[in-house]
There are 2 protein chains.
Amino acid sequence: MYTLYATIGSGNCYKVQLLMRQLNIPFRVVMIDVLKGETQSPEYLAINPNGKVPYLVLPNGEGLGESNAMLLHLAEGSHLMPQTAQERMRVNEWLFWEQSSHEPYISPARFWISIMPEGRAERETEIATWHERGAKSLKMLDDHLSKNDFLVGNRYTVADIGLFGYTHVAGEGEFDMAKYPAVCAWIARVEARDGFLPMMDFAEAA
Amino acid sequence: MYTLYATIGSGNCYKVQLLMRQLNIPFRVVMIDVLKGETQSPEYLAINPNGKVPYLVLPNGEGLGESNAMLLHLAEGSHLMPQTAQERMRVNEWLFWEQSSHEPYISPARFWISIMPEGRAERETEIATWHERGAKSLKMLDDHLSKNDFLVGNRYTVADIGLFGYTHVAGEGEFDMAKYPAVCAWIARVEARDGFLPMMDFAEAA
């Protein structure tokens, strides 16, 4: 059995749960309250010395960090992971792009606007930067999805799950999603997949 | 033939060149001057609409972004890419960690301290944050390397190349490398590998 250490509202935690659900991989979730500092507790640091979530403990007891490394490991050999070198290259490209050029802007804007709004006022300069850069990444995603139903090979793969995590809640960071109609249509396509699990249910499952 | 669009002094560009060199993959490098705005020129945007480097054009004419996606694609099937699911998982974990928790602190600190020092004064607050977080990631790397000669499977792999890119120039960002003796010893081990190419030669090759 896999154990996923996760926190409410995190797109990085949610996407790992969504993948395991859609692949019928048995797992349990242990909720860690980041806002209460639980990732830095001695108990949690004994499990994950890096003090971050998500953190996945494999059936053999080994721990794995990095949400997208979890996705690649769990999807390997399944119908959600392409087999050609060409498509696997594109899966990796999208997943690295998500962590380097998309999530770093969408996630903190959403955090300080919707999750911790009391900290917003002192971060308006950073929020403006995140909005500018996140709008650019959403536009890039929209351009691609205006010509493709899904990110890689025109079918639903682990890359869509990786990108869906934060993209579908970008509106909570005051990104104007009406500007990205192809992204919105793709979100609806992902939500229509068998075994789809909304992020809200993830929180309620705690 | 592969074509790598790159800029001088970029660890992300350098690591791709280092891998191709060590795998004896024929390639040419086209230098793009980011500081002169060349990544935003109409000519470059026609090649890479995202306006970033590195950018790799494959022998079939397709373009690929994201340095670590390039490393994984180029290393696949070679002696630098492990074949077991377990070790591949760790390669991915380190490469995602590099982009999400290491490079975002080491690289900008180095940029504003050593490459564009005229912009340093107005960024001392951010530099302090980068120093704090980068010190934590260097400590994590040092802990791992104090028990392992290389990052994955105790032998030199694509993961070492991915991490080497920015780690070996962290001192240029005023990270005190004397605090990380296992990292320094690993840097020396990487530099001693056959086919090693220093970053400086990358710049001079332009």
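The following exchange concerns a predicted model of two chains, A and B.

Residues are numbered from 1 along each chain as its sequence is written, and chains are lettered from A in the order in which they are written. In this predicted model local features need pLDDT of at least 70, side-chain atom pairs count only at pLDDT 80 or more, totals for chains, interfaces and linings use all residues, and side-chain values use heavy atoms, with hydrogens and water left out.

Me: Which rotation superposes chain A on chain B?
Reply: Copies are superposed by least squares on the C-alpha atoms of residues with pLDDT of at least 70 in both. The shift along the axis is 0.0 Å and the RMSD is 0.0 Å. The rotation is 180°, and the two copies are thus related as by a two-fold rotation axis.

Me: Is B:Ser137 buried or exposed?
Reply: B:Ser137 belongs to helix H5 (residues 124–145) of chain B, helices being DSSP runs (H or I) of at least four residues, numbered from the N terminus. Its relative accessible area is 4%. Buried means under 20%, exposed over 50% and partly exposed in between, with a 1.4 Å probe and protein chains only. Therefore B:Ser137 is buried.

Me: Which residues does B:Ser137 contact, leaving aside its neighbours within four places in sequence?
Reply: Contact means heavy atoms within 4.5 Å. With those neighbours left aside, the partners of B:Ser137 are B:Trp97, B:Ser101, B:His102 and B:Ile106.

Me: How many of the twelve residues of H1(B) are buried?
Reply: Helix H1 of chain B covers residues 11–22. Among its buried residues are B:Gly11, B:Tyr14 and B:Gln22. The helix is largely enclosed by the rest of the structure, because the buried residues number eleven of the twelve.

Technical notes: Helices (H or I, at least four residues) and strands (E, at least two) are DSSP runs, numbered from the N terminus. The expected span of a helix is 1.5 Å times one less than its number of residues.
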